[in-house]
Amino acid sequence: MDHTMDYGGYMPHGMCLLWEPWLVLLWAGSDLLIFLSYTAIPIALLRVLRKRTEVPHGGLVALFASFILLCGLTHLLGIVTLWFPIYPWTGWVKLATGIVSMTTAVVLFRLIPDIIRLPSPASLAAVNQTLSEEIAAHKATLASLDRQVQERTRELERATAALAVQAREAVHRSGNLLAVVHSLATQSARGTERTSEFLEAFLGRVRALADTTRAIARSDRSSAELGQLVNSGLEVLRSTYGPRISVSGPALAVDPVAAQQLSLALYELATNTQKYGLGASDQVDVAVRWSVDDGRFTFVWNERGLPGAAGEAAPNPEGFGTKLLMQIVPRMLGGEAERKLAGSEMVYCLSAPVDGVIAKETDGSGDPLAARIIDTSFGLD
């Protein structure tokens, strides 16, 4: 074993170079530079492995560092052999270098398919760009959703406020309506001896109120169209007397109180004409018209062709129906009423300030979401 390490019988390598100073310096300087480089490279690779543990195939990188470092040692020993012939030691180091180099080559060839499959920097950059764009898109979507949520929250807050106002208004109107029904019941009962007469008058008036209230509830605003109101009140008469009834007037939206009072007036006038006018003679015709002029609302009921004297065909001036037409309805609207009887003609004229009849709201004043909630949750069949 000693002879494998003994170098006493060999001559230094410098003798082969004839100890030429420039040649020895060139030889030693080149090996020194290679040794320093081959030592620095493995240190750099090992530092990378230490800092980046996720580097794929770290064992292969360690093998590369090992054989490069061994290669550097062979060059360092090459410098030594210029003066000291330690060729056996140099040979053993070269053998170790060869074994490590061969192992590295074998491992490298086995890993070629995996290395080929590694994504290139360009593909990684493209993937990162795509991910960045997707993240930006998701952020934009989240921002849009956040804006929509905020807008819907504000819309719901407005709807809640509108519903609260409408609920208070409904309670208020219900109280007023109950007071009107109570008054109708009390007044209809006065002077009535038979239950059937009371029920006929009272139920007819309540039905007129109910039709008006239902018409308002079905609309998308808290008012009623006067033309629809009149047509509804005259529906029974028109189905019976048809062309003998005419209606004219501009499109007007009246507030709920005015709609209720006008419905009661229409019911009384329609009931009276069935008894004393249209129902008494085929020669009678009825014209209903309304207008707005100089801040005044005017509603006219005109019956022509009454049989006999108009006074003989008139209803009881002391009855509740007459009081309703001449006193109650005008007072509720802040106006006045007049009934003229002349020959075969009777004219009922109701006049009131526009502010007491025409609705204050417009088509676009209601909250759309509140209207949808009311329609969905409390809509009438």
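**Helix packing and the nonpolar core**

In helix H3, the residues Leu 60, Ala 65, Phe 67, Ile 68, Leu 70, Cys 71, Gly 72, Thr 74, Leu 77, Gly 78 and Ile 79 are buried. These assignments, like every value reported here, derive from a predicted model. The buried residues of H3 pack against three other helices, namely H2, helix H4, which covers residues 87-110, and helix H5, which covers residues 112-117. H3 itself runs over residues 58-80, and its 23 residues should span 33 Å at 1.5 Å a residue; the C-alpha atoms at its two ends lie 34 Å apart, in agreement with that expectation.

The relation between H2 and H3 can be described through their axes, which come within 8 Å of each other and cross at roughly 160°. Because angles over 145 degrees count as roughly antiparallel, H2 is classed as roughly antiparallel to H3. The crossing of H2 and H3 is left-handed. One residue of helix H2, which extends over residues 21-51, is Ile 34. The C-alpha atom of Ile 34 lies 9.4 Å from that of Leu 73, although 39 residues separate Ile 34 and Leu 73 in sequence. Ile 34 has a relative accessible area of 28% and is therefore partly exposed, since the buried class is confined to values under 20% and the exposed class to values over 50%.

A further set of contacts concerns the largest nonpolar core, which contains 40 residues, and among these Leu 226, Phe 299 and Trp 301 touch the most other members. At least two residues of this core come from each of helix H8 (226-233), helix H9 (235-241), helix H10 (256-276), strand E4 (285-293), strand E5 (296-304), helix H11 (320-333) and strand E7 (345-353). The greatest contribution is that of H10, which gives eight residues to the core. When residues up to four places away in sequence are not counted, Leu 226 touches Leu 252, Val 254, Leu 262, Trp 290 and Phe 297.

At the level of the whole chain, the model comprises twelve helices and seven strands. Of the 381 residues in the chain, 31% count as buried. Among contacts between residues at least 6 apart in sequence, 70% join residues that are at least 24 apart.

Technical notes:
Residues are numbered from 1 along each chain as its sequence is written. This is a predicted model: local features need pLDDT of at least 70, side-chain atom pairs count only at pLDDT 80 or more; totals for chains, interfaces and linings use all residues. Side-chain values use heavy atoms; hydrogens and water are left out. A nonpolar core is a set of buried Ala, Val, Leu, Ile, Met, Phe, Trp, Tyr and Cys residues joined through side-chain atoms within 4.5 Å. Buried means under 20% relative accessible area, exposed over 50%, partly exposed in between (1.4 Å probe, protein chains only). Helices (H or I, at least four residues) and strands (E, at least two) are DSSP runs, numbered from the N terminus. Contact means heavy atoms within 4.5 Å. The expected span of a helix is 1.5 Å times one less than its number of residues. Axes are lines fitted to C-alpha atoms, for helices over the stretch in contact, and angles run from 0 to 180 degrees between N-to-C directions. Angles under 35 degrees count as roughly parallel, over 145 as roughly antiparallel, 65 to 115 as roughly perpendicular and the rest as oblique. A crossing is left-handed if the near helix is turned anticlockwise from the far one by less than a right angle, and right-handed if clockwise.
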